[in-house]
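Work through the exercises below with the model open. Try each task before you read its solution.

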Amino acid sequence: MNVRRLNWPLWVGLLLTLGGAFSFLLIFVWIPATRDFPWANLLIFLIAVVLLVAGIRRGFASDRKRPTASKIVTSLVALFSFAVIALFIFSVFVVARWLPPSKGAPQVGEKAPEFKLQDTTGRQVSLSQLLSEPINGTAPRSVLLVFYRGYW
Amino acid sequence: MKEAGVRPVAISIDSPEESRNLAQGQGYTFTILSDPNAEVIRRYDLVHAGAGEKGNDIARPAEFLIDLSGTVRWVNLTENYMVRARPEQVLEAAKSIK
């Protein structure tokens with residue numbers, strides 16, 4: 001048996017792990033079908049885990065040329081990969097749900113509290129103004145308030 | 001949105017300058033309002049305490065559709081900040097407002 005064989009499942013597993021994590025931000029977050037639930041990324045991670053497990057078995061096999069070095073490298077790569085997967089899953093399924101309940105937020109049928117805030121030109125704008133001022137000559141029929149986290 | 005008579009208004013703690021840069025960079029033409037001290041955000045009970053870049057209070061994502069009488073007609077308070085309201089949902093809700 002070739003004792004110098006490359007532990008390809010381990011390295012492909014690592015690449016898939018990184019690819020699975022970054023592709024969400026770069027690609028899948030822009031696609032409606034994969035945006036709200038990252039099933040494509042979870043699938044990539046599943047394949048990565050299978051390869052990583054195969055890579056661990058290979059790295060810990062007795063026929064390695066330098067068994068100790070192989071075990072160390074295999075352990076580090078596998079641990080790093082599993083940490084990335086765990087962090088991804090934690091961020092997407094746990095951290096993203098850390099939101100206040102907002103029980104006191106205006107509900108359907110209630111009056112929206114009036115406010116006055118500065119727009120990007122420095123002008124003070126109130127909700128009642130937004131509800132009454134025409135848009136390009138026609139009166140609005142509704143106002144959509146979008147609260148967002150900022151820092152973009 | 002324009003055809004449906006919906007006026008979109010975005011609100012965050014960003015300063016008018018930051019919002020202006022955002023609007024220019026992205027080509028946004030809708031109104032963007034600044035609530036640097038999260039006063040209105042607090043009045044709407046949307047404060048996400050300490051979640052800002054410097055541990056400051058910011059708004060949790062939330063969308064409200066308000067008719068001309070000032071009454072809330074549709075609300076979206078997401079439980080997951082990765083999942084936001086989609087334009088189709090808003091337009092569907094806007095249809096019921098004459």
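**Exercise 1. Find which strands cover the buried residues of H3(B).**

Solution. This is a predicted model.
- Step 1. Pick out the buried residues. In helix H3 of chain B, residues 87–95, they are Val90(B), Ala93(B) and Ala94(B). Buried here means that 20 or more other C-beta atoms lie within 10 Å of the residue's own.
- Step 2. Look down the axis of H3(B). The buried residues fall within an arc of 100°, so they line one face of the helix.
- Step 3. See what lies over them. The cover includes S3 of chain A. From chain B it includes S1, strand S5 (62–67) and strand S6 (72–76).
- Step 4. Turn to the face of H3(B) directed away from the buried side. Glu88(B), Glu92(B) and Lys95(B) are exposed there.

**Exercise 2. Work out in which sense S3(A) and S1(B) pair, parallel or antiparallel.**

Solution.
- Step 1. Locate the strands. S3(A) spans 142–147, and S1 of chain B spans residues 6–12.
- Step 2. Follow the bridges. There are six, and the sense is parallel.
- Step 3. Check one pair. Val146(A) has Ala10(B) as its bridge partner in S1(B).

**Exercise 3. Describe the side of chain A that touches chain B.**

Solution.
- Step 1. Count residues. Chain A gives 42 to the contact and chain B gives 56.
- Step 2. Assign elements. Strand S1 (116–119), helix H5 (127–132) and strand S3 (142–147) of chain A each supply at least two residues. S3(A) has the largest share, with six residues.
- Step 3. Sort by class. This side of chain A holds 25 nonpolar, nine polar and eight charged residues.

Terms used
Residues are numbered from 1 along each chain as its sequence is written. Chains are lettered from A and ligands numbered from 1 in the order in which they are written. This is a predicted model: local features need pLDDT of at least 70, side-chain atom pairs count only at pLDDT 80 or more; totals for chains, interfaces and linings use all residues. Two residues are in contact if their C-beta atoms, placed from the backbone, lie within 7 Å. Helices (H or I, at least four residues) and strands (E, at least two) are DSSP runs, numbered from the N terminus. Ala, Val, Leu, Ile, Met, Phe, Trp, Tyr, Cys and Pro count as nonpolar, Asp, Glu, Lys and Arg as charged, and the others, Gly among them, as polar. Two strands pair if DSSP finds at least two bridges between them. A residue is buried if 20 or more other C-beta atoms lie within 10 Å of its own, exposed if 12 or fewer, and partly exposed in between; C-beta atoms are placed from the backbone. The arc is that of the directions from the helix axis to the C-beta atoms.
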